[in-house]
Protein chains: 6
Amino acid sequence: MTSLLVVNPNTSAEMTETIGVTALETGRRLGVEVRVICPHTGPDSIEGSFDEVVSAYWTVDCVLQVPEQFDGVLVACYGSHPAIAALREAIDVPVLGIMEASLLYALPLGAKFSIITTSPRWQPLLEESVRALGHEALCASVRSTGLAVLDLERLPPEQVRSRLLAEAMLAVERDGAEVIVLGCAGMTGLHTAVSSIGVPVVDPVVAGVALVAALAQTGARTSKHNRFRRVDRRAIEHLPPGIARAYQHARA
Amino acid sequence: MTSLLVVNPNTSAEMTETIGVTALETGRRLGVEVRVICPHTGPDSIEGSFDEVVSAYWTVDCVLQVPEQFDGVLVACYGSHPAIAALREAIDVPVLGIMEASLLYALPLGAKFSIITTSPRWQPLLEESVRALGHEALCASVRSTGLAVLDLERLPPEQVRSRLLAEAMLAVERDGAEVIVLGCAGMTGLHTAVSSIGVPVVDPVVAGVALVAALAQTGARTSKHNRFRRVDRRAIEHLPPGIARAYQHARA
Amino acid sequence: MTSLLVVNPNTSAEMTETIGVTALETGRRLGVEVRVICPHTGPDSIEGSFDEVVSAYWTVDCVLQVPEQFDGVLVACYGSHPAIAALREAIDVPVLGIMEASLLYALPLGAKFSIITTSPRWQPLLEESVRALGHEALCASVRSTGLAVLDLERLPPEQVRSRLLAEAMLAVERDGAEVIVLGCAGMTGLHTAVSSIGVPVVDPVVAGVALVAALAQTGARTSKHNRFRRVDRRAIEHLPPGIARAYQHARA
Amino acid sequence: MTSLLVVNPNTSAEMTETIGVTALETGRRLGVEVRVICPHTGPDSIEGSFDEVVSAYWTVDCVLQVPEQFDGVLVACYGSHPAIAALREAIDVPVLGIMEASLLYALPLGAKFSIITTSPRWQPLLEESVRALGHEALCASVRSTGLAVLDLERLPPEQVRSRLLAEAMLAVERDGAEVIVLGCAGMTGLHTAVSSIGVPVVDPVVAGVALVAALAQTGARTSKHNRFRRVDRRAIEHLPPGIARAYQHARA
Amino acid sequence: MTSLLVVNPNTSAEMTETIGVTALETGRRLGVEVRVICPHTGPDSIEGSFDEVVSAYWTVDCVLQVPEQFDGVLVACYGSHPAIAALREAIDVPVLGIMEASLLYALPLGAKFSIITTSPRWQPLLEESVRALGHEALCASVRSTGLAVLDLERLPPEQVRSRLLAEAMLAVERDGAEVIVLGCAGMTGLHTAVSSIGVPVVDPVVAGVALVAALAQTGARTSKHNRFRRVDRRAIEHLPPGIARAYQHARA
Amino acid sequence: MTSLLVVNPNTSAEMTETIGVTALETGRRLGVEVRVICPHTGPDSIEGSFDEVVSAYWTVDCVLQVPEQFDGVLVACYGSHPAIAALREAIDVPVLGIMEASLLYALPLGAKFSIITTSPRWQPLLEESVRALGHEALCASVRSTGLAVLDLERLPPEQVRSRLLAEAMLAVERDGAEVIVLGCAGMTGLHTAVSSIGVPVVDPVVAGVALVAALAQTGARTSKHNRFRRVDRRAIEHLPPGIARAYQHARA
């Protein structure tokens with residue numbers, strides 16, 4: 001049976017659990033096994049590039065410590081998290097981030113999509129990522145709700161939902177969005193909050209599990225030609241066990 | 001159980017069978033039902049925009065005559081076939097073309113992809129489609145093998161394979177491709193011809209079934225906001241039954 | 001004397017007549033003969049991709065049934081109507097759509113243009129076409145009046161004019177348009193409705209006749225290298241006479 | 001009768017005459033009057049931006065000294081010559097450069113065009129202009145023949161023709177061009193040199209006269225909103241008569 | 001000691017002095033010598049392409065009359081002034097315009113920049129320049145204050161400052177600008193007017209002197225390969241002394 | 001006196017020394033103080049995204065442990081190293097990478113630049129970075145020498161130089177480059193190897209020190225609006241001292 005690993009790159013137990021609920025439910029619908037992990041060290045939410053650097057180090061390390069085999073990996077932080085490219089070099093099975101997956105999922109469903117994100121700092125970051133992924137032509141907008149990542153867990157649900165809905169409506173009415181993408185792992189499960197506006201709403205964890213599963217079930221492998229060539233062998237001290245092992249076991 | 005409809009928009013029985021072999025095998029791996037059809041009238045291969053116009057008319061008609069329910073549709077002609085957008089308006093479940101699916105499948109597997117197509121006339125047509133789909137930034141090249149679509153069925157297999165391999169090697173070595181996409185429905189099953197170059201090879205029918213399945217199994221629906229709004233009700237005479245029914249049953 | 005064929009791809013007699021008034025008047029100013037036709041079957045207005053597929057089939061057929069020689073063809077539906085590329089393959093003289101012509105006409109007249117279209121569904125469709133034609137850098141906006149195509153004939157003229165004017169003013173004041181393009185064949189003759197805003201207004205039928213005439217009078221021919229290579233010979237049954245003849249008379 | 005002014009921005013009598021032969025012949029075919037002029041001072045060929053600055057000053061001046069009325073102006077230097085935008089501000093009738101006109105003419109004739117220019121210095125300059133005009137998506141290449149502008153008049157015709165043909169063939173075979181555009185006013189009349197390759201060849205003076213005529217005959221005017229707003233009134237000494245008059249007669 | 005020449009391309013003594021105050025102060029901070037000049041003929045402010053053509057002629061001439069050596073040149077008109085490219089051909093040391101310099105300076109300081117310009121006519125002109133310089137992806141907006149260039153000197157300072165501040169705030173709040181660039185030489189010294197909005201404000205004369213100095217102090221030279229190849233030798237009468245000398249002393 | 005910090009993100013003492021020689025010499029020419037450091041842990045060369053993740057963690061940490069004040073930071077790894085954005089959040093003075101600096105330096109010197117890099121894996125990585133920095137329109141090519149980063153120190157100098165020269169010549173002759181950029185910190189000092197081709201060669205460490213100095217000397221600060229907002233306060237255990245301090249001293 002196809003087996004997927006989902007890694008939440010922050011250390012928040014609540015968010016890992018929230019992600020896990022959606023991921024496991026989606027796995028059941030698709031007939032694939034899903035395991036969800038998170039690192040033990042690092043920020044408990046990722047609010048910018050500094051957090052990404054710290055988080056990427058420990059996320060890569062924790063994935064590379066998992067002893068079992070799996071057929072695909074999903075990095076459940078919304079954005080171009082540095083762990084994604086690093087893991088594509090370190091292992092052979094497909095590795096996707098939930099942002100990339102959500103956009104691939106949204107593209108066939110309408111002419112343009114908008115991403116609804118959390119704090120205003122994520123707006124330029126996600127615009128950068130949209131461009132890096134090559135999807136700027138079909139992106140209607142990236143809109144911020146003004147909420148922090150952890151507000152999604154801590155604020156009254158009704159307040160979270162109304163902020164999401166307000167921005168989604170502006171995306172449809174002003175920006176020409178025909179599909180709404182929830183732009184944060186912590187928003188998983190909240191698509192019903194937005195469904196009243198009458199356009200498809202993409203849950204990034206659902207999209208992520210569905211697309212990694214599609215690739216994994218049909219035998220896809222990451223290209224090792226140039227961009228994601230395997231890690232070079234190195235002897236470096238003072239590294240955590242997963243990273244250390246990746247360097248030691250690399251080709252000489 | 002999730003059920004998919006695959007339509008080959010040309011009338012060639014051989015090509016429909018070739019597509020069917022891959023589509024059914026992929027369906028089995030994913031646990032979804034797949035049915036493959038083709039129109040009874042129209043060109044037996046699609047070699048440009050004129051053929052597309054004739055084919056689209058009869059393809060849309062034949063899909064809209066299928067009495068059973070299905071959860072997703074795959075249009076198995078490589079390119080921006082006009083039937084894709086027309087069907088997105090006529091029905092609610094996800095509709096993908098195999099070109100779009102193959103590119104969504106290829107994007108996470110390497111930095112850039114190249115498409116290997118048949119005759120030189122498809123090169124500018126597919127370049128247009130790559131731009132229409134918004135993927136030009138990550139497309140290394142579209143390369144023609146110089147073969148006609150039906151040559152894929154009629155020429156000695158070794159000759160077809162060596163032409164494919166030759167262009168795929170140029171795509172990797174000169175154009176910087178890290179993933180090769182087979183750019184014709186008739187090339188399905190030929191990925192082994194190219195696999196010796198050591199980069200992932202995307203079979204468009206495999207990719208198409210996998211992605212429509214992923215969308216269908218997780219409940220995706222086409223956005224009916226603006227671009228793919230439902231067909232308007234019209235009373236028009238002299239139309240074939242599938243098209244006529246779509247106009248009659250549309251909202252007033 | 002140079003002779004042009006204008007085809008209205010929908011079956012509306014009123015719209016064909018409206019188009020004819022402008023086309024013939026423009027022909028007189030330029031010293032070229034103009035003939036206007038429309039298909040006998042298909043939708044009486046084109047409101048999306050489904051209508052385009054049905055319309056393209058009958059439009060191509062009716063053009064290919066015209067027995068006389070002409071020196072250029074204008075397809076009078078605003079958008080990337082599939083009949084345009086199909087006819088470029090089937091015949092040698094220049095074939096333009098009124099959208100393409102209107103943008104080529106507008107480009108030298110100001111820094112940026114905006115297109116005023118009918119229903120909201122045309123907004124994403126025309127944005128796609130602007131990108132397909134390669135003019136996105138100089139397009140200030142595509143704006144919808146919220147009217148249906150046939151509203152242009154049926155609503156009180158004053159209401160139509162005031163909707164056009166309102167959107168044109170927003171295009172100039174908010175979007176930076178310096179030229180307004182009327183984005184529907186049915187809007188021909190309405191440029192005076194918008195002229196009060198003080199920027200050039202492009203009537204797409206005027207632009208279409210003027211540009212096809214300019215190409216035809218100076219001997220231009222469609223390139224038959226790759227993209228618009230001639231149609232392949234095919235023996236297909238059950239096709240209408242124009243399409244059937246094109247396949248029969250094609251090179252073997 | 002519609003009357004056009006063609007200005008050759010360099011002072012070469014031979015090139016002015018060469019341009020005149022094509023322009024007058026094209027005018028006759030279109031039924032418009034054409035007058036051809038050139039400035040009395042400035043470089044006798046334009047080989048870069050320094051020459052453009054000197055040439056633009058005297059070209060604008062000589063156009064603004066013409067006492068009669070005309071309905072459109074063609075600037076017969078291939079490139080984004082600064083006189084084009086300056087004249088658009090100074091007068092109301094349409095002003096086109098032959099580069100812009102040749103590309104608008106080429107676009108409907110094939111999927112992609114290539115420009116064949118003279119010296120290698122024009123290659124980056126014309127690439128810049130293609131981007132400035134917003135046509136980079138459909139430009140297959142800009143290729144240099146290695147000839148100087150005046151070589152076109154002075155070298156043995158056979159040598160000029162064979163250099164043009166060689167680059168045009170590379171444009172078609174390697175770059176995917178389907179239409180060849182002659183990228184120098186001095187190349188006018190040489191399209192037969194290239195016609196053997198079997199794709200349409202655009203003569204920029206033919207295209208220029210045809211498109212200015214099309215705009216002029218249908219009453220087009222340059223937008224005076226923002227980009228090409230009329231010149232401000234100024235009292236400046238030591239200016240040549242045409243420029244001086246434009247400043248004096250401008251609105252206060 | 002490194003020595004820079006700053007040329008104000010208009011003839012306004014006040015603006016030349018304003019520019020000089022900033023340029024000399026910046027030179028002192030960087031330890032470079034700065035000399036500021038302006039032409040004796042031409043418009044006293046540059047309000048579009050016509051003024052640019054007249055100004056470029058006399059600006060190039062006055063720079064080429066300066067007898068001393070200098071290590072870099074700054075053209076202090078905001079925009080793609082034609083003198084910049086012309087001077088790059090005529091001399092070897094680096095030549096920058098203040099627009100180009102201000103954008104290179106702004107790029108590393110935030111995700112996106114906005115330019116605040118004077119009259120509405122500059123908005124499309126500067127958008128063209130942003131695209132010509134290749135920076136459109138990171139430009140949030142170009143906003144006009146509605147002021148004329150000379151209003152910056154003549155209106156009450158408080159009025160100028162409040163217009164600047166109002167547009168800068170809209171750039172940050174609506175357009176997503178993280179850095180504000182003052183888009184007119186005449187705005188130099190006004191950055192304090194805008195600093196209250198809490199994002200970096202780039203003074204184009206400061207940026208210009210700083211970047212020309214950085215290039216000059218580290219020995220940069222303009223590439224003479226193709227685009228900015230040296231001027232060809234020509235014998236032309238009736239030219240002003242600086243231009244005449246450049247043609248006479250050019251390589252044969 | 002202005003004081004700059006240069007950090008080599010790998011742990012190679014030889015490369016740190018090579019970078020230091022150029023950086024200090026450039027600092028002397030500009031009149032600024034330069035200090036060069038490198039982390040104690042991590043890879044001794046950076047050969048892809050996995051190395052970047054490990055290196056970024058220790059690079060950020062070592063910069064944030066430096067007790068003295070400095071006015072600008074240069075990250076001396078060629079590419080979009082994750083430490084650059086992380087440091088822009090953590091500190092207020094300008095932070096540049098040598099890639100970004102080298103491109104800003106190259107842009108005013110010619111029409112297009114090419115980057116000569118080390119191993120083939122860097123080619124797609126640097127193409128991604130060129131696009132992320134928004135400079136793709138003016139990038140002629142990224143070319144790989146086929147050398148590993150440490151080959152630059154270990155191979156016979158003549159071999160390194162001849163590989164650099166060979167690729168630089170192809171960049172100029174085939175790709176249209178007018179400026180060559182050395183695309184690796186380890187190439188600093190090697191510009192003389194390439195200077196024989198007669199176009200400007202940009203040393204990325206020279207460009208980096210010159211541009212950080214220009215920004216620092218004129219008081220530039222990183223925008224803290226959105227993209228590079230300051231790091232959030234967090235209490236996380238098991239972090240190295242520089243990172244830990246940045247989280248502890250952040251605003252609450």
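This short presentation describes the domains of chain A and the contact between chains A and B in a predicted model.

Good morning, colleagues. I shall begin with confidence. Chain A has a mean pLDDT of 95, and 99% of its residues reach 70 or more. For the model as a whole, ipTM is 0.97 and pTM is likewise 0.97.

Let us turn to the domains. In chain A, domain 1 consists of two segments, 3-98 and 207-248, while domain 2 covers 100-203. Taken over C-alpha atoms, the centres of these two domains of chain A are 22 Å apart. How many residues of each domain are in contact with the other domain of chain A? Domain 1 contributes 23 residues and domain 2 contributes 23 residues. On the domain 1 side, helix H1 (13-30), strand S4 (95-97) and helix H9 (204-217) of chain A each supply at least two residues. The largest share of that side belongs to H1(A), with six residues. By class, the domain 1 side of chain A holds 12 nonpolar, nine polar and two charged residues.

I now move to the contact between the chains. Here 40 residues of chain A meet 40 residues of chain B. Which elements of chain B each supply at least two residues of the side that touches chain A? They are helix H1 (13-30), helix H4 (98-106) and helix H9 (204-217) of chain B. H9(B) gives the most to this side, namely seven residues. As for residue classes, the side of chain B that touches chain A comprises 23 nonpolar, 12 polar and five charged residues.

Thank you for your attention.

Definitions and conventions:
Residues numbered from 1 in each chain as written. Chains lettered and ligands numbered in written order. Predicted model: local features only at pLDDT ≥ 70, side-chain atom pairs only at ≥ 80, totals over all residues. pLDDT = per-residue confidence, 0-100. Domains from an automatic or database assignment. Contact = placed C-beta atoms within 7 Å. Helix = DSSP H or I, 4+ residues; strand = E, 2+ residues; numbered from the N terminus. Nonpolar A, V, L, I, M, F, W, Y, C, P; charged D, E, K, R; others polar.
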